[in-house]
Amino acid sequence: MKLLRFSTGGAARYGLLEGAEVVALPAETMAEAMACTDANGPRYRLSAITLLNPLPDARLFCIGLNYPKPHPLGGEVKGPANISYFLKHQAALVGPGQALRLPGVSEQFDYECELAVVIGRGGHRIAEADAMDHVGGYTILNDGSVRDWQAHSVTAGKNFFESGSIGPWVVTSDEVSEWQDLTLRTRLNGKVVQDSKAGAMFFGIPALIAYLSTITPLRRKRGGFCVAPVPSGEPVAITSPGSSGDALEFEVDAIGVLRNAVG
């Protein structure tokens, strides 16, 4: 299933995507939408609604230095001894189709297509062997980054207001047979600048769930965490700093395309 959050007439609600139509669901959170069996609500044309951030209440645990490639900040990313994570605030994100905000204090605004995992069953100290049983679905995260600020503070560089995006919807885990085979791509003004398989990560999804749930319980109600930083490709901020009018497409197999422009 493809589950989304949308607005029509100023009201935000959750829905189920069926072809070119969206069926409104009696749900107030993504967790309720994932458990909903009543798909008999009003129908809307997809073209007639506004898609919103599908996980507005989720805690977002983002994983750093998890791909074998040159890092945008310089040097080669090698397999780290331990998992490294940071938190991304909801204020740093916009929804599908919404404009990304230039930082205004930097010319090193960058974009990254990442795979976001949505927790479907909560737990504390989840064993790696059981971790995939806790995955409810997947969506796409654009981890907007301000690289010069990131160099002195990862949290600062990753959390500029409305610098990233998420969506367009959550695809339930039953539609993704092998997460390792998912291809992640970013297109900047039509040019492919990032292209990688999710399976290239040093630490895979089971290891990340086990690690994060050791630190804090993962709650179904509060959603997801991001697991796939900087797929292989050009370090965009170094070769082509983000600028007003840039058109971006973030694509992941089985999920779809998240589109944003830079405002």
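1. Start with Ile-83. In this predicted model, Ile-83 is buried, with a relative accessible area of 11%. That value counts as buried because the cut-off is under 20%. Ile-83 sits in the loop between strand S6 (60-64) and S7. Leaving aside residues up to four places away in sequence, Ile-83 touches Ile-63, Phe-203, Ala-207, Leu-208 and Tyr-211. The link to Tyr-211 spans 128 residues along the chain, yet the two C-alpha atoms are separated by 7.8 Å.

2. Now look at helix H4, residues 205-215. H4 is mostly covered: eight of its eleven residues are buried. The buried ones are Ile-205, Pro-206, Ala-207, Leu-208, Ile-209, Ala-210, Leu-212 and Ser-213. Two of these, Ala-207 and Leu-208, are among the residues that Ile-83 touches. As background, an α-helix has 3.6 residues a turn, so residues three or four places apart point the same way.

3. What does H4 give to the largest nonpolar core? That core has 49 residues, and Leu-115, Tyr-138 and Ile-205 have the most contacts inside it. H4 supplies five residues, the largest share of this core. Another core, of 20 residues, lies apart from it; Leu-25, Met-30, Phe-86 and Leu-93 are among its members. In general, nonpolar side chains tend to be buried together in soluble globular proteins.

4. There is also a nonpolar patch on the surface. Which residues form it? They are Tyr-85, Leu-87, Tyr-211 and Ile-215, with about 330 Å² of accessible area together. Strand S7 (84-88) and H4 are the elements that give two or more residues to this patch. Leu-87, found in S7, is partly exposed, with a relative accessible area of 40%. Tyr-211 thus has two roles to follow in the view: it is a member of the patch, and it is touched by Ile-83.

5. Next, charges. A search of the whole structure finds twelve salt bridges. One of them joins the side chains of Arg-147 and Glu-112, at 2.3 Å from N to O. Arg-147 lies in helix H2 (residues 147-152), and Glu-112 in the loop between strand S9 (109-110) and strand S10 (113-119), so the pair ties together parts that are 35 residues apart in sequence. Is this pair buried or exposed? Arg-147 is buried at 1% relative accessible area, and Glu-112 is buried at 0%.

6. Strand S14 takes part in two further salt bridges. In one, Asp-195 pairs with Arg-185, and the closest N and O atoms are 3.2 Å apart. Asp-195 is in strand S15 (residues 191-197) and Arg-185 in strand S14 (residues 183-188), so the pair ties together parts that are ten residues apart in sequence. Asp-195 is partly exposed at 37% relative accessibility. Arg-185 is partly exposed too, at 26%.

7. In the other, Glu-251 pairs with Arg-187, with the closest N and O atoms 2.8 Å apart. Here strand S17 (residues 247-252) holds Glu-251 and S14 holds Arg-187, so the pair ties together parts that are 64 residues apart in sequence. Glu-251 counts as partly exposed at 23% relative accessibility, whereas Arg-187 counts as buried at 17%. The cut-off for buried, under 20%, falls between these two values. Elsewhere, salt bridges that share partners join Lys-88, Asp-110, Glu-112, Asp-143, Arg-147 and Lys-158 into one network.

8. Then the whole protein. Its secondary structure comes to five helices and 18 strands. Of the 263 residues, 52% count as buried. Among contacts between residues at least 6 apart in sequence, 72% join residues at least 24 apart. The protein exposes about 11000 Å², and carbon and sulfur atoms supply 50% of that area.

9. Last, confidence. The average pLDDT is 89, and 88% of the residues score at least 70. Where does the pLDDT drop below 50? Over residues 229-239. Beyond near neighbours in sequence, this stretch has 44 contacts in the model. Where pLDDT is low, the predicted coordinates should not be read in detail.

Notes:
Residues numbered from 1 in each chain as written. Predicted model: local features only at pLDDT ≥ 70, side-chain atom pairs only at ≥ 80, totals over all residues. Heavy atoms only, no water. Buried < 20%, exposed > 50% of the residue type's maximum accessible area, 1.4 Å probe, protein only. Helix = DSSP H or I, 4+ residues; strand = E, 2+ residues; numbered from the N terminus. Contact = heavy atoms within 4.5 Å. Areas by Shrake-Rupley, 256 points an atom, 1.4 Å probe, with all protein chains shown as cover. Patch = residues over 30% accessible without salt bridge, like charges linked within 9 Å, V, L, I, M, F, W, Y side chains within 5 Å. Salt bridge = Lys/Arg side-chain N within 4 Å of Asp/Glu carboxyl O. pLDDT = per-residue confidence, 0-100. Core = buried A, V, L, I, M, F, W, Y, C linked by side-chain atoms within 4.5 Å.
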